[in-house]
Amino acid sequence: MHQPCNPSPFPLAMSVVVWSFCLLLALLSTGASQSAGGGGDGGIPINNINLEGVVDSFLEQISSQAQDQCNKMVNALWTYYTNITDHNKQLMVTSRLEYGKWDKEATSWVRKLDPIHHHLSPDMRRQLYFLRMSGTSALPTHQLQELTNLTSQMTGIHSTATTCDFNNSTKCDLSLQPDLVEVMESSRDHEELSHTWLSWRDSSGKKMRKHYGRYVELSNIAAKLNGFGSKSDVWLSNYGKDTKAFVNDLSRVYHQIEPLYRQLHAYVRRKLRETYGPELVSRKGPIPAHLLGSMYPSSWRVYPLVTPFPNKTSIDVTEQMQEQGYTPRRMFELADDFFSSLGLPRLPASFWRNTLMEKPQDRQVVCHASAWDFCNGKDFRIKMCTKVRMKDLMTIHHELGHIHYYMQYAHLPYIFREGANRGFHEALGDVVGMNVVTPTYLHQVGLLSDPNTDQETEINLLLETALNRVAMLPFNYLLDLWRWDVFSGRVPEAEWNCAWWRRRVELQGVKPPVVRTEEDFDPGTIYHVAADVSTVRYVVAVVLQYQFHEALCRKVGQYPSLPLHKCTIYGSGKSTEAGKLLKSMMKVGRSVEWKEALREMTGGSGELDATALREYFRPLEDWLTADNTRHGEYVGWHAEGDYCGSESPQSITPPEVSPGTPQ
């Protein structure tokens, strides 16, 4: 039944457009939509109506209002994330509810245009396709409020959880960042690492399990109200309407990368066994998670333990940065210089005025580094608890990649102000960040005295990069595989944690330090689980990163005359040409299909393809293969017992394993 047209939710300035829109709906209800060729049973010919003019005006108003509503909500989110208090939490929840109320109303108007989509331009149809998806705003108000509260409670647990010091049980104020992160990266005491790993999970993930169950229920209800089967289908829809094809693409890409990952895994396992002994790290089993230098671990922070040629000069310039008096502000300025060298604009004054660069001492904040778009086309910020070290310098370049993406597509209608898919944003940040770790760049900015490298130094550098980029691929892939199973109901709630560890053992070759139970909720220790963020974007991003890198290196004339891993777009003499190519990709946002954007960027087929990634790491993969063979190292892993399911945690001791033949 046709609902009456009610312009009351819209401001007075919109009245002419609203009533024109109401007239259009009235015409549709009398049969105009059936009269595309002119005339019908009493209907007015649709081609006699300025159809696209009315719809275009409507879309402009929707975009303007969406921008205003988004700005209010993001301001409230920023206030909470940079000052975690109950008061600010309530303001954030209220702002999300207000946005949800507006979004639901706007979506109901947009859906009234469904019958005439085929009469509109492709650009209009694409805007309407995205606008008709109201996300969680489709929920009834009380359920939306409940879901908003749940998400804020989970992120609050993650951000404020603390644990006790292993060496001082009375000191119980250790937070994830920087305290626990530093312990996991620097300690070589496996008992301290196990204590830190377990206590963080007890104080974070375990406490949010009951919240997560209800979050899944409400997220699936919202998905169904938007015409999807489950929350996983909502996430996958960002990569196109044919979600099955995209899932198959992901599987194909994972198998492209798998041979490199297995060689890396075998090498790291052997080096860790040399450090911690075979009683903790076996020859054929998964690697204990707490020994990989990270709380999760998506990236493996163990480079000092596994360096192939430790006597070679490192390009970790943390010491040089500190000696030269670098500050977080100076690190941001250096990154700004990098983007300017590509012909991209300088950061606006508001960025420097509003960005949070260091962890405040007087309040709790969410330290997870992130770039923020305040939806008004002029306010862009970063939130980061910066330390003067090379790792953070890379992160700053990455986050500024997001900021420049925001700035380039700020002219588009609000609904198109995103990356072509969720991976594009991350890939842009990553392809910029990888230029920071080149000897050429570090030499040119005065942080490295000698840019020349030999083969052994290059292997060191490639391994350090692989520990960050390649090692994270199975983790981020399996995290979303697990959540897809949870949202779809393929894994019942009673098996969530054990299903998690089955995935980690199967795809990542990593095991817990003690047997886990269903009283635990280890996925909840991950920020992206608490904050409702899909991680497949990072898999897509890493693959795209190397596809982008190859395209940029061709643009500046360095590839294939140089190996892909030796290319840098900074100071090449054609840096601005690389900048133009990046701008052409960023400025279209998601106004075009992502495969079209990829095709324009790379000149290739537009398909996700890990060939460039494998080519970049080819020297390392060849070296790892030879080294693993020389040491008789087993490539692959086998489960050596049950890692989840017992009533109480127990230490996992690998069985004696006789030497095997490497495969």
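Helices (H or I, at least four residues) and strands (E, at least two) are DSSP runs, numbered from the N terminus. The model is predicted: local features need pLDDT of at least 70, side-chain atom pairs count only at pLDDT 80 or more, and totals for chains, interfaces and linings use all residues. Residues are numbered from 1 along each chain as its sequence is written, and side-chain values use heavy atoms, with hydrogens and water left out.

**View 1. The whole protein, with 26 helices and 6 strands.** Of the 663 residues in the protein, 60% are buried (under 20% relative accessible area; exposed is over 50%, partly exposed in between; 1.4 Å probe, protein chains only). Among contacts (heavy atoms within 4.5 Å) with a separation of 6 or more, 77% are between residues 24 or more positions apart. The accessible surface is about 26600 Å², and carbon and sulfur atoms hold 49% of that area (Shrake-Rupley method with a 1.4 Å probe; for residues, only the protein chains shown count as cover).

**View 2. The annotated "binding site" residues His398, His402 and Glu426.** The annotation comes from an unreviewed UniProt entry; UniProt positions are given in the numbering used here, feature names are shortened, and annotations may be inferred rather than shown by experiment. These residues are spread over 29 residues of sequence but cluster in space, with a largest C-alpha distance of 7.8 Å.

**View 3. Histidine 402 in helix α15 (residues 390-408).** Histidine 402 counts as buried because its relative accessibility is 5%. Leaving aside residues up to four places away in sequence, histidine 402 touches Ala371, His425 and Glu426.

**View 4. Glutamate 426 in helix α16 (residues 422-433).** With a relative accessibility of 12%, glutamate 426 is also classed as buried. Its contacts, not counting residues up to four places away in sequence, are His398, His402, Arg537, Tyr538 and Ala541. The side chains of glutamate 426 and histidine 398 make a polar contact at 3.0 Å (a pair of N or O atoms within 3.5 Å; within protein, one must be able to donate a hydrogen and the other to accept it, and residues adjacent in sequence count only if both atoms are side-chain atoms).

**View 5. Helix α8 (residues 205-225) and its end.** The end C-alpha atoms of α8 are 29 Å apart, which agrees with the 30 Å expected for 21 residues at 1.5 Å a residue (1.5 Å times one less than the number of residues). At histidine 211, α8 bends by about 40° (the angle between axes fitted to the seven residues ending there and the seven starting there). Glycine 227, just after α8, takes a positive phi of about 90°.
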